[in-house]
Amino acid sequence: MRIGIFVVAGLFPGQEPGRVLANAVEWIVAAEEAGFDDAWIAEHHFMPYGVCPSPATLAAVAIGRTTRIGLGTAVSVLSTQHPMALAEQAAMLHHLSGGRFTLGVGRGGPWVDLEVFGTGLERYERGFAESLDLLVDALSGGGSVAADGDFFRFREVAMVPPARMRPVVACTSEGTVELAAARGLPMLLGLHIGDEDKAALVKRYGGGGGAGHVAAGLAYVADSTQEAVRDLKAAMPAWLGPGLAGYVPVDDRPRKVRDVGEYVDLLTKIHPVGSAAHCAETLLRTAENTGIEHFVLLVEGLGEHERTLANIRRFGAEVLPLLR
C-alpha cells in the first residue's frame, strides 16, 4: 500500500496565505521524515479553501527540500492552462526531481477562473478531451508535437525537455472516467465519496487497483476515535465554511453549496480519523472494497501548523507500520 499526504493549503481564520504556503512545504518535509510515500498538492484560485494557485511551483520548492518523497499535483487544472505549457513544467519537474514527480490533472469547475484566465466555458465544457490528448502526446517521450484540433492548432515543435510521463486524471463523473479509461490513465478520486462510490467508478473504468488509481481522504490520528472526530468537528468548519463559499460560478448556473457540518460528519466517518488501529483498519477496508492501494491524505484539518506536524509524525509512527 502507498500512502501520501494531500496538501490543500487551506486558510483558517487569522492565518496569512504566505505563511500557510511556507508551512505546507514544512508538512511535506515532515511527511518524508515520517515515512510517507508522496505528497500531492492542490490548485485553487481566488479563495480561502486553498491558497496555492500553482501546485507545480510548490512542488518545485518541495523537491529542493527533500530527497526521497514523491511529489504530485492534485490537480493541475487543464481548463485554464495551455496543455503544452503544463507539459513543459511537468517535464522539468520530472528531470529535476530524478523522476519523483507525478502530474495530476482535472477539468476543474465552471468557476470565475475561466473568465479571469480567458479560456472560457467552452474549453471547460467541450475542450477537456482535446486538452488531455495534447498533454498526453507532449509527455509521450517523443521529440515533437503538433496540433490540429478545435481548441489548439500549431505547427510541429520540439518538446524540450522531452519526458515520458503518465498523467493521473481527477474523475468525478462517469464521462471523465471513460476518458481516463480510454487512454489508460489512472484515476484520482476525491475525498467526498465513500467506498461504494469509489468501487463503482473503478468498475466503470474497467479495472482494479493495478491501474494505479489514487484516492484522496482525510486523516487524523488521536488516542481514540471519539477524540479525533471531536477535534476535527471543532476545527474544520472555520475553514470549510468560507472556503467552500469561495467557489464563484462564471455564469448564472445554480451551485449546490454543501452543508459544512454534514460534510465534516461524512468525512470523519468514511476516512481514517480515529485511533491508530481504526485508521489502519479504515484504509485496509477501503483497499479491499475498491481495489485501490494508493491513498493521499489531508492531514491539515486541525488548522494549526504545529498540530498538523504532530499529526503527520504520529500517523507515520503509529499507523504506517500497521499497513506495511
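Here is a short back-and-forth on the sheet, the salt bridges and a few side chains of this model.

Reader: Before we start, what kind of model is this, and which pLDDT do local features need?

Author: Residues are numbered from 1 along each chain as its sequence is written, and side-chain values use heavy atoms, with hydrogens and water left out. This is a predicted model in which totals for chains, interfaces and linings use all residues, side-chain atom pairs count only at pLDDT 80 or more, and local features need pLDDT of at least 70.

Reader: In what order do the strands of the open sheet sit?

Author: Strands here are DSSP runs of E with at least two residues, and helices are runs of H or I with at least four, both numbered from the N terminus. Two strands pair if DSSP finds at least two bridges between them. The open sheet has 10 strands with parallel pairing, in the order β4-β6-β9-β10-β11-β14-β1-β2-β3-β5.

Reader: And which are the edge strands?

Author: An edge strand pairs on one side only. That description fits β4 (76-77) and β5 (101-102).

Reader: Which residue in β2 is the bridge partner of Val 7?

Author: Strand β1 covers residues 2-7 and runs parallel to β2, with four bridges joining the two. Within β2, the partner of Val 7 is Ile 41.

Reader: Moving on to β3, what stands opposite Ile 41 there?

Author: β2 and β3 also run parallel, joined by four bridges. Opposite Ile 41 in β3 you'll find Thr 73.

Reader: How does the chain get from β2 to β3, and is that crossover right-handed or left-handed?

Author: The path goes from β2 through α2 to β3, a β-α-β crossover. The test is to point the strands away from the viewer: right-handed means that the path from the first strand over the helix to the second runs clockwise. By that test, this crossover is right-handed.

Reader: Are the residues on the two faces of β3 buried or exposed?

Author: In a regular strand the side chains alternate between the two faces of the sheet. Buried means under 20% relative accessible area, exposed over 50%, and partly exposed in between, with a 1.4 Å probe and protein chains only. In β3 (residues 70-73), Gly 70 and Gly 72 lie on one side and Leu 71 and Thr 73 on the other, and all of them are buried.

Reader: Which residue in β5 partners Leu 71?

Author: β3 and β5 run parallel and are joined by two bridges. The bridge partner of Leu 71 in β5 is Phe 101.

Reader: On to charges: how many salt bridges does the count come to?

Author: Side chains of opposite charge can pair when their charged atoms come close. The rule asks for a side-chain nitrogen of Lys or Arg within 4 Å of a carboxyl oxygen of Asp or Glu. By this rule, the count comes to 16.

Reader: Which residue forms a salt bridge with Asp 38?

Author: Asp 38 in strand β2 counts as buried because its relative accessibility is 2%. Its partner sits in strand β1, 36 residues apart from Asp 38 along the chain, and is partly exposed at 36%. With the closest N and O atoms 2.9 Å apart, that partner is Arg 2.

Reader: How far apart, N to O, are Arg 126 and Glu 122?

Author: The two are four residues apart in helix α5 (residues 120-126), so about one helical turn separates them. Arg 126 is partly exposed at 48%, and Glu 122 is partly exposed at 45%. Their side chains meet in a salt bridge with an N to O distance of 2.6 Å.

Reader: Which residue pairs with Asp 133?

Author: Asp 133 lies in helix α6 (residues 128-138) and its partner in helix α7 (residues 174-183), so the pair ties together parts that are 50 residues apart in sequence. Asp 133 is partly exposed at 36%, and the partner is partly exposed at 28%. At 2.5 Å between the closest N and O atoms, the partner is Arg 183.

Reader: How many disulfides does the structure hold?

Author: Cys 52 is buried at 3% relative accessibility, and Cys 279 is buried at 0%. A disulfide would need a pair of cysteine sulfur atoms within 2.5 Å. The number of disulfides is zero.

Reader: Last one: how far is the C-alpha atom of Ile 63 from that of Val 29?

Author: Ile 63 belongs to helix α2 and is buried, with a relative accessible area of 9%. Val 29 is 34 residues apart from Ile 63 along the chain, and their C-alpha atoms are separated by 9.5 Å.
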